[in-house]
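Here is a set of questions and answers for someone meeting this structure for the first time. Each answer works through its reasoning before it arrives at the value or name requested.

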Amino acid sequence: MSLISTYTSPTDLFMKLLREGTRTWRASDIANKSDHLFNFCVTSISLSDWCISYLKLTGKEKKDFFEMHSKILPLKYCGDITNSSKHFEIQSDRKSPVTGVIDNVETSIPMFADGKLRHDLAIETLSFEIWTDDGEAKDLMLLLFEACTEWIKVFQQFDIQHPNTLVFMRHAVCVA
């Protein structure tokens, strides 16, 4: 499947997706964060090809898989970010729900067990907002989390071996 010997199954690529998500979130400068977001999105869109190959889908089944994939918004966002970055724009015959990816600074304010927010411990993090055609800004962390969650659902739907939820949650916690 891959010339890189460590990638032999959709599960291997899914684990790469988790690592790319972690690198995206942890990057401390906008150039690296941009590179890692692009790599995350490329990995996400590549997973569809890996699943199709693994499942040996052809013809209508393959078309149905692509259609299903295109209806899952976080996965479509990743595909559109990939294609617009690769080809400088989305093809004119396609409508993208993503209108822009804008860098910003997010402020995280910790909440302790007593329910009190600790503004004095606030942390600022470089991030992105993913702007959609409905005028909403999606948070970067939410895109990373939702894309990975949706891939787990696809793996379950098609009975593709996937890492257990504990592994996924461990990565999600490490990202945060």
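**Helix H3 and its surroundings**

In helix H3 of this predicted model, the buried residues are Phe 65, Met 68 and His 69.

Q: Within what arc do the buried residues of H3 fall, seen down the axis of the helix?
A: The residues concerned are Phe 65, Met 68 and His 69, which are buried in H3. Because their directions are confined in this way when the helix is viewed along its axis, they line one face of H3, and the arc within which they fall is 100°.

Q: Which exposed residues does H3 carry on the face turned away from its buried side?
A: The buried side of H3 holds Phe 65, Met 68 and His 69. Turned away from that side is a face with exposed residues, and these are Gly 59, Lys 60, Lys 63 and Lys 71.

Q: How many Å does H3 reach from its first C-alpha to its last?
A: H3 runs over residues 59-71 and has 13 residues, for which a span of 18 Å is expected at 1.5 Å a residue. The reach in the model is close to that expectation, and its value is 19 Å.

Q: Which residue of H3 forms a salt bridge with Lys 60?
A: Lys 60 is exposed, with 60% relative accessibility, while its partner counts as partly exposed at 34%. The two lie four residues apart in H3, so they are separated by about one helical turn. Their closest N and O atoms are 2.9 Å apart, and the partner is Asp 64.

Q: Which residues are joined into one network by salt bridges that share partners?
A: In helix H1, which covers residues 10-26, Glu 20 and Lys 16 are four residues apart and therefore separated by about one helical turn, and their closest N and O atoms are 3.0 Å apart in a salt bridge. Glu 20 also forms a salt bridge with Arg 23, where the closest N and O atoms are 3.2 Å apart. Since these salt bridges share partners, the network joins Lys 16, Glu 20 and Arg 23.

Q: Is Glu 20 buried or exposed?
A: A residue counts as buried when its relative accessible area is under 20%. For Glu 20 the relative accessible area is 6%, and therefore Glu 20 is buried.

Q: How many disulfides does a search of the whole structure find?
A: A disulfide needs two cysteine sulfur atoms within 2.5 Å of each other. The sulfur closest to that of Cys 78 belongs to Cys 41 and lies 3.9 Å away, which is too far for a bond. Cys 148 is in no disulfide either, as its nearest cysteine sulfur, that of Cys 78, is 8.3 Å away. Across the whole structure, the number of disulfides found is zero.

Q: What pattern does the protein follow when read along the sequence?
A: The elements to be placed in order are six helices and three strands. Read along the sequence, they give the pattern α-α-α-α-β-β-β-α-α.

Q: What percentage of the contacts with a separation of 6 or more comes from residues 24 or more positions apart?
A: The protein has 176 residues, of which 39% count as buried. Among its contacts with a separation of 6 or more, the share that comes from residues 24 or more positions apart is 60%.

Note on methods:
Residues numbered from 1 in each chain as written. Predicted model: local features only at pLDDT ≥ 70, side-chain atom pairs only at ≥ 80, totals over all residues. Heavy atoms only, no water. Expected span 1.5 Å × (residues − 1). Buried < 20%, exposed > 50% of the residue type's maximum accessible area, 1.4 Å probe, protein only. Arc of directions from axis to C-beta. Contact = heavy atoms within 4.5 Å. Salt bridge = Lys/Arg side-chain N within 4 Å of Asp/Glu carboxyl O.
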